[in-house]
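Here is a brief report on one protein chain. Charge comes before fold, and single residues follow.

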Amino acid sequence: MQITDKTAVSFHYTLTNPSGEQLDSSRGEEPLLYLHGAGNIISGLEAALAGKSAGDTFSVTIPPAEGYGELAPEMVQVVSKKMFEGMDVEVGMQFHADVSHGSGIITVTEIDGDDVTIDGNHPLAGETLVFDVEVVDVRAATDDELAHGHIHGAGCHH
């Protein structure tokens, strides 16, 4: 069966940057499982998976616009350390917060006295991504999965 809209797809991947540094991988773990056509993964990877079948392996380079987007300078701001009252805030810490496009993760990128710089961009925004992919399985999604917009069961990532 080929990957088309309304199929449940499981795949393994290794994600690197263009210089080969590994950023993430599903190898040694359960494969990633998603509903094709529902926007559950980045658009460039979903497009590259279309038409593939179980057993296919490939590599694809995804530009920022088809990955996690370009860096948005308006997502970086300096706030008072008082906003983190009672916390020992450090560079690299991440928090869930309401951002302009809904709930998101902000990262502390700099601390200068009482000024804390936070960044609401996805950590991979602005990055070109290289995926090495192995398609593990493709099946028709169930009516329940289609109604909910995501896959159910082991290996699902809501």
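The protein carries 6 positive and 26 negative side chains. The centres of the two sets lie 4 Å apart. These values come from a predicted model.

Some of the negative charge gathers on the surface. Glu-110, Asp-112, Asp-114 and Asp-115 form a negative patch there. Asp-112 belongs to strand β7, which covers residues 102-112. Asp-112 is exposed, with a relative accessible area of 53%.

**Salt bridges**

The count of salt bridges comes to two. The table gives each pair with its closest N and O atoms.

| Pair | Closest N and O atoms |
|---|---|
| Arg-27 and Glu-134 | 2.9 Å |
| Glu-145 and Arg-139 | 2.9 Å |

What does the pair of Arg-27 and Glu-134 tie together? Arg-27 forms a salt bridge with Glu-134. Arg-27 sits in the loop between β2 (22-25) and β3, while Glu-134 is in strand β9 (residues 129-140), so the pair ties together parts that are 107 residues apart in sequence. Both ends are partly exposed: Arg-27 has a relative accessible area of 38%, and Glu-134 has 29%.

The other pair joins Glu-145 to Arg-139. Is Glu-145 buried or exposed? Glu-145 is buried, with a relative accessible area of 3%. Arg-139 counts as partly exposed, at 29% relative accessibility.

**Fold and dimensions**

The secondary structure comes to two helices and nine strands. From the N terminus on, the elements run β-β-β-α-β-β-β-β-β-β-α. Along the principal axes, the C-alpha atoms fill a box of roughly 60 × 40 × 30 Å.

The protein has 158 residues, and buried residues make up 39% of them. The exposed area is about 9,100 Å². Carbon and sulfur atoms supply 48% of that area. How much of the contact set comes from residues far apart in sequence? Among contacts with a separation of 6 or more, 63% are between residues 24 or more positions apart.

**Buried residues in β1**

Strand β1 spans residues 7-16 and includes Ser-10. Ala-8 is also placed in β1.

Ala-8 counts as buried, at 2% relative accessibility. Which residues does Ala-8 contact, leaving aside its neighbours within four places in sequence? The set is Tyr-34, Asp-137, Val-138, Arg-139, Ala-140, Ala-141 and Ile-151. Arg-139, one of these, is also the salt-bridge partner of Glu-145. Gly-67 is 59 residues from Ala-8 along the chain, and their C-alpha atoms are separated by 21 Å.

Ser-10 is buried too, with a relative accessible area of 9%. Beyond its neighbours within four places in sequence, Ser-10 is in contact with Pro-31, Leu-32, Leu-33, Val-135, Val-136 and Asp-137. Asp-137 also appears among the contacts of Ala-8.

**A buried loop residue**

Where is Ile-41 found? Ile-41 is in the loop between β3 (32-35) and α1 (43-49). Despite its loop position, Ile-41 is buried: its relative accessible area is 15%, which falls under the 20% cut-off.

Leaving aside its neighbours within four places in sequence, Ile-41 is in contact with Leu-32, Tyr-34, Glu-46 and Leu-49. Leu-32 is also a contact of Ser-10, and Tyr-34 is also a contact of Ala-8. Val-130 lies 89 residues from Ile-41 in sequence, and the two are 14 Å apart in space, C-alpha to C-alpha.

Conventions: Residues are numbered from 1 along each chain as its sequence is written. This is a predicted model: local features need pLDDT of at least 70, side-chain atom pairs count only at pLDDT 80 or more; totals for chains, interfaces and linings use all residues. Side-chain values use heavy atoms; hydrogens and water are left out. Helices (H or I, at least four residues) and strands (E, at least two) are DSSP runs, numbered from the N terminus. Buried means under 20% relative accessible area, exposed over 50%, partly exposed in between (1.4 Å probe, protein chains only). Contact means heavy atoms within 4.5 Å. Patches are made of residues with over 30% relative accessible area and no salt bridge: like charges are joined within 9 Å, nonpolar side chains (Val, Leu, Ile, Met, Phe, Trp, Tyr) within 5 Å. Accessible areas come from the Shrake-Rupley method with a 1.4 Å probe; for residues, only the protein chains shown count as cover. A salt bridge is a side-chain nitrogen of Lys or Arg within 4 Å of a carboxyl oxygen of Asp or Glu. Lys and Arg count as positive and Asp and Glu as negative; His and the chain ends are not counted. The place of a charge is taken as NZ of Lys, CZ of Arg, CG of Asp or CD of Glu.
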